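Work through the following exercises with the coordinates open, trying each task before reading its solution.

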Amino acid sequence: MTTPQFWSTPLRYLRWASHEKPAIFYAIITGAMGPIALVTLPPIRHYFGDVDPAPIPLTYPIPQGRRVIPQGYDDE
């Protein structure tokens with residue numbers, strides 16, 4: 001049983017795919033950029049001054065004192 005061409009000679013396969021099947025070639029290149037971007041983009045963002053936003057509050061602040069009930073909106 002022979003191994004698939006991509007796993008035996010990946011650079012040769014990519015060269016062939018770039019000419020004969022460009023959609024497959026660009027799909028492989030785009031898919032390979034995902035894990036690379038996961039590692040490289042956060043330090044680049046911080047270098048250019050982009051900061052992480054403040055965390056979203058998970059609770060609603062409860063006001064102190066008595067609750068003021070609005071007047072004048074009752075149906076008569």
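**Exercise 1.** Determine which residue with a positive phi follows helix 3, and then describe the length and the course of helix 3.

Solution. The residue that follows helix 3 is Gly49, whose phi is positive, near 95°; helices here are DSSP runs of H or I with at least four residues, strands are runs of E with at least two, and both are numbered from the N terminus. Stepping back into the helix, residues 22-47 make up its 26 residues, and the distance from first to last C-alpha is 35 Å, close to the 38 Å expected at 1.5 Å a residue, where the expected span is 1.5 Å times one less than the number of residues. The course of helix 3 includes a kink of about 45° centred on Ala37, the bend at a residue being the angle between axes fitted to the seven residues ending there and the seven starting there.

This is a predicted model, in which local features need pLDDT of at least 70 and side-chain atom pairs count only at pLDDT 80 or more, while totals for chains, interfaces and linings use all residues. Residues are numbered from 1 along each chain as its sequence is written, and side-chain values use heavy atoms, with hydrogens and water left out.

**Exercise 2.** Establish what secondary structure is found in the span that UniProt lists as "transmembrane region".

Solution. The unreviewed UniProt entry gives residues 23-41 for this feature; positions are in the numbering used here, feature names are shortened, and annotations may be inferred rather than shown by experiment. In the model, that span is 100% helix and 0% strand, with its end C-alpha atoms 25 Å apart.

**Exercise 3.** Find the salt bridges of the whole structure, and state how they are connected.

Solution. The criterion is a side-chain nitrogen of Lys or Arg within 4 Å of a carboxyl oxygen of Asp or Glu, and the search returns two salt bridges. In one, Asp50 pairs with Arg45, with the closest N and O atoms 3.0 Å apart; in another, Asp52 meets Arg45 at 2.9 Å, N to O. Arg45, Asp50 and Asp52 are therefore linked in a network of salt bridges. Asp50, at 39% relative accessibility, is partly exposed, and Arg45, at 33%, is partly exposed as well, where buried means under 20% relative accessible area, exposed over 50% and partly exposed in between, with a 1.4 Å probe and protein chains only.

**Exercise 4.** Classify the ring pairs Tyr13 with Trp16 and Tyr47 with Phe48, and give the accessibility of their members.

Solution. Rings of Phe, Tyr and Trp (its six-membered ring) pair if their centres lie within 6.5 Å, and planes under 30 degrees apart count as stacked, over 60 as edge-to-face and the rest as tilted; three aromatic pairs are found in the whole structure. For Tyr13 and Trp16 the centres are 5.7 Å apart and the planes stand at 40°, so the pair is tilted. These residues lie three apart in helix 2 (residues 10-20), so about one helical turn separates them; Tyr13 is buried at 15% relative accessible area, whereas Trp16 is partly exposed at 36%. For Tyr47 and Phe48 the centres are 5.2 Å apart and the planes stand at 80°, so the pair is edge-to-face. Tyr47 is exposed at 68% relative accessibility, and Phe48 is exposed at 66%.
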